[in-house]
Amino acid sequence: MAASRVLCLLALTLSLFAVIYTVSGHNITQILSESPEYSSFNSYLSQTKLNDEINSRTTITILVLNNDAMSSLAGKHPLSVVKTALSLLVLLDYYDPLKLHKISQGTTLTTTLYQTTGRAAGNLGFVNVTDLKGGKVGFGSAAPGSKLDSNYTKSVKQIPYNISVLEINAPIIAPGILTAPAPSNNMTELLEKAGCKIFASMLLSSGVVKTYESTVEKGLTVFAPSDEGFKAESAPDLTKLTQAEVVSLLEYHALAEYKPKGSLKINKNVISTLATNGAGKYDLTTSTSGDEVILHTGVGPSRVADTVVDETPLVVFKVDKVLLPIELFGKSPSPAPEPVSTPTPTPSAKSLSPTPTKSPSPRKEPSPVAASPPAPPVDEPSEEAPSDSPTSSENIRAKNAAFHVNTHAYFTAMVTLAATSLFL
């Protein structure tokens with residue numbers, strides 16, 4: 001009986017995890033691949049690696065353009081400019097058809113992915129969302145004087161409160177983003193301004209900077225140690241390396257592909273570097289801690305501290321420590337063995353004589369932790385569809401989405417009750 005109860009509880013728990021995974025996971029490339037009219041938009045998300053950034057986030061809305069609307073951007077601007085324009089279409093909040101028509105006071109400013117790059121001056125990283133009534137919702141740049149040149153046309157896909165995909169009829173163009181100056185191609189100049197002068201000097205003196213520059217066109221990711229990283233106590237004595245080893249070390253700090261932070265955050269594989277073709281593997285792995293990315297070499301970790309430049313197909317990161325490949329510096333040291341305890345000397349007969357001792361006070365057990373208060377209630381979407389919603393089918397879909405979330409909560413409660421009853 002006990003075994004059957006355990007098996008039943010295990011089955012219920014696995015079912016619960018399956019439901020949670022289904023609700024929380026999303027893949028924007030897969031979602032858009034089901035609709036051929038978004039093939040151009042989907043392709044540019046992959047080329048700019050915005051798809052990885054989208055997949056690494058939750059509570060997000062994608063404003064997609066069909067192939068006709070995408071033609072105003074595709075092939076007419078550098079890839080870095082297209083990425084900026086598309087990042088304005090990624091809203092860091094969840095909007096479904098119902099929410100669009102229930103915006104407080106009819107208008108709001110919402111943060112976009114462009115705002116997170118640090119390159120958006122003023123309000124350029126925000127989008128104005130306005131309910132125009134009559135079934136229309138307008139979108140435009142939040143920059144003063146901007147017009148609502150984009151309109152909501154239809155709903156594409158929702159995974160409730162995780163990701164929403166909505167179609168609009170035109171790109172949102174913030175002032176100046178289509179005429180942005182081309183990024184600097186001077187690698188050492190970029191590094192020196194970012195506080196990586198030692199690394200820049202080594203690239204020049206070794207000639208490895210030419211290897212970097214010849215790789216940029218097809219994609220290049222650079223992990224540049226800060227000057228403080230070279231001066232840290234944990235930094236190795238590079239004067240002991242041969243010239244060939246210095247070249248391998250510098251090549252180890254770059255990847256022959258464009259891999260921005262969003263791609264690093266979802267990475268699960270071993271990453272090859274420019275030094276991988278040399279002797280040994282010279283590879284590395286990644287992990288995340290919140291929004292931070294940690295690089296692991298097998299000798300020690302290094303944190304991605306800042307993004308110096310992210311202009312497709314080049315991304316340069318500042319890291320807080322020099323990356324130390326196993327091939328040059330060996331594996332990380334094993335933890336020191338625990339000290340061997342000294343044998344206690346045998347007590348003499350005199351020391352064995354009983355000595356009256358004071359009884360120790362009974363140890364006071366810690367009081368049990370108070371149970372956490374119940375979570376505050378969450379407002380449910382109104383059952384009454386807005387009269388000015390674009391189509392009745394979209395309202396039904398939005399209501400069904402809310403129903404699925406409530407069903408998930410109900411299912412969780414039922415699993416908990418069932419598990420409790422099994423052990424009563």
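**Figure 1. Aromatic pairs in the predicted model, with the stacked pair Phe-223 and Phe-317 in close-up.** A search of the whole structure finds 3 aromatic pairs. In the pair shown here, the ring centres of Phe-223 and Phe-317 are 5.9 Å apart and the ring planes stand at 15°, an angle under the 30 degrees that bounds stacking, so the pair is classed as stacked. Phe-223 belongs to strand β8 (residues 220–225), whereas Phe-317 belongs to strand β14 (residues 314–319), so that the pair ties together parts lying 94 residues apart in sequence. Phe-223 counts as buried, at 0% relative accessibility, and Phe-317 is likewise buried, with a relative accessible area of 0%.

**Figure 2. The edge-to-face pair formed by Tyr-252 and Tyr-282.** The two rings lie 6.1 Å apart, centre to centre, with 65° between their planes, and the aromatic pair they form is edge-to-face. Tyr-252 is found in the loop between α12 (243–251) and β9 (254–255), and Tyr-282 in the loop between β10 (271–272) and β11 (283–289), so the pair ties together parts that are 30 residues apart in sequence. Tyr-252 counts as buried at 0% relative accessibility, and Tyr-282, with a relative accessible area of 5%, is buried as well.

**Figure 3. A lysine charge over a tyrosine ring, at Lys-99 and Tyr-95.** The charged end of Lys-99 sits over the ring of Tyr-95, at 4.7 Å from the centre of that ring.

**Figure 4. The open sheet of 7 strands, with mixed pairing.** The strands follow one another across the sheet in the order β9-β8-β14-β13-β12-β11-β10. The edges are occupied by β9 and β10, each of which has a single partner strand, so one side of each is left without a neighbour in the sheet. Within the sheet, β11 pairs with strand β12 (residues 292–296) in the antiparallel sense, over 5 bridges, and Ser-289 stands opposite Glu-292, a residue of β12.

**Figure 5. Helix α3 (residues 39–47) and the elements that its buried residues pack against.** Ser-40, Phe-41, Asn-42, Tyr-44 and Leu-45 are buried in this helix. The buried residues of α3 pack against the helices α2 (28–33), α4 (50–55), α5 (67–70) and α6 (79–87), and also against strand β1 (60–64). After α3 comes Lys-49, a residue whose phi is positive, near 65°.

Conventions
Residues numbered from 1 in each chain as written. Predicted model: local features only at pLDDT ≥ 70, side-chain atom pairs only at ≥ 80, totals over all residues. Heavy atoms only, no water. Phe/Tyr/Trp six-rings, centres within 6.5 Å; stacked < 30°, edge-to-face > 60°. Helix = DSSP H or I, 4+ residues; strand = E, 2+ residues; numbered from the N terminus. Buried < 20%, exposed > 50% of the residue type's maximum accessible area, 1.4 Å probe, protein only. Lys NZ or Arg CZ within 6 Å of the ring centre and 35° of its normal. Pairing = 2+ DSSP bridges. Contact = heavy atoms within 4.5 Å.
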